[in-house]
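Here is a short note to read alongside the model. Please keep the sequence and the 3D view open while going through the points.

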Amino acid sequence: MFWNLTSVALITLAGIVLYWLWPRLTAAFKRFDQDNRDRIIRQWEDRRDSGAHVRHTLEVAGEQVEAIVEIKDKDPRTGTPVTRFSFEGVWYPTRDEAEQVRAEKIGDIARGFYRDLPAALAARRRDGRLN
């Protein structure tokens with residue numbers, strides 16, 4: 001009797017939790033499905049785009065670089081609130097300056113990838129992994 005009562009209570013509780021979480025779960029599945037559809041469409045478009053490899057390289061390099069952090073601070077001279085932007089521990093007065101430094105860093109990483117690419121492809125050809 002006790003086991004049946006416990007199992008019924010647990011099943012009822014699981015049903016209530018599932019009912020409560022159902023909108024969140026379906027929204028997550030819909031986002032996942034839409035992301036997959038967008039990715040498939042992007043892959044089809046990339047087959048016709050000659051610059052897709054460069055764009056993907058820049059996206060990967062952008063993921064490897066930290067984001068710009070917005071910092072609320074006081075001006076040391078006047079004491080008024082001012083917004084500063086930090087990138088890799090360096091403070092910049094405007095977002096544009098920080099974005100420019102971040103873009104240069106991303107470009108450096110991408111150029112390094114393309115600089116190392118011929119050697120990597122040559123090594124793969126020697127190993128017989130690339131035809």
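1. Lysine 105 has a relative accessibility of 33% and so counts as partly exposed; that class lies between buried, under 20% relative accessible area, and exposed, over 50% (1.4 Å probe, protein chains only). The side chain of lysine 105 forms a salt bridge with glutamate 88, with 3.6 Å between the closest N and O atoms. A salt bridge here is a side-chain nitrogen of Lys or Arg within 4 Å of a carboxyl oxygen of Asp or Glu. Glutamate 88 is also partly exposed, at 40%.

2. A word on the basis of these values. This is a predicted model, in which local features need pLDDT of at least 70 and side-chain atom pairs count only at pLDDT 80 or more, while totals for chains, interfaces and linings use all residues. Residues are numbered from 1 along each chain as its sequence is written, and side-chain values use heavy atoms, with hydrogens and water left out.

3. What does the pair of glutamate 88 and lysine 105 tie together? Glutamate 88 is in the loop between β2 and β3 (90-92), and lysine 105 is in helix α3, so the salt bridge links parts 17 residues apart in sequence. Helices (H or I, at least four residues) and strands (E, at least two) are DSSP runs, numbered from the N terminus.

4. The structure holds 10 salt bridges. One of them joins aspartate 108 and arginine 111, at 2.5 Å from N to O. These two residues are three apart in helix α3, which means about one helical turn separates them. Aspartate 108 is partly exposed at 44%, and arginine 111 is partly exposed at 48%. Elsewhere, salt bridges with shared partners join Glu70, Lys72, Arg95 and Glu99 into one network.

5. Within that network, glutamate 70 and lysine 72 meet through their side chains at 3.4 Å, N to O. Is each partner buried or exposed? Glutamate 70 is partly exposed, with a relative accessible area of 43%, whereas lysine 72 is exposed, at 64%.

6. The largest nonpolar core has eight residues: Ala61, Val65, Ile68, Phe85, Phe87, Tyr92, Ala98 and Ile106. Such a core is a set of buried Ala, Val, Leu, Ile, Met, Phe, Trp, Tyr and Cys residues joined through side-chain atoms within 4.5 Å. Two elements, β2 (81-87) and α3 (95-127), give two or more residues to this core. Isoleucine 106 touches Leu58, Ala61, Gly62 and Val65, leaving aside residues up to four places away in sequence; contact means heavy atoms within 4.5 Å.

7. Helix α2 (residues 52-64) has 13 residues and spans 19 Å from its first C-alpha to its last, close to the expected 18 Å. The expected span is 1.5 Å times one less than the number of residues. Ala52, Thr57, Ala61 and Gly62 are buried in α2.

8. Which residues does aspartate 46 touch, not counting those up to four places away in sequence? Aspartate 46 contacts Ala52, Arg55 and His56. Aspartate 46 is in helix α1 and counts as buried, with a relative accessibility of 14%.

9. Phenylalanine 29 is also in helix α1 (residues 2-48), but it is exposed, at 58%. Together with Leu18, Trp22 and Leu25, Phe29 makes a nonpolar surface patch of about 440 Å². Patches are made of residues with over 30% relative accessible area and no salt bridge; like charges are joined within 9 Å, and nonpolar side chains (Val, Leu, Ile, Met, Phe, Trp, Tyr) within 5 Å. Accessible areas come from the Shrake-Rupley method with a 1.4 Å probe, and for residues, only the protein chains shown count as cover.
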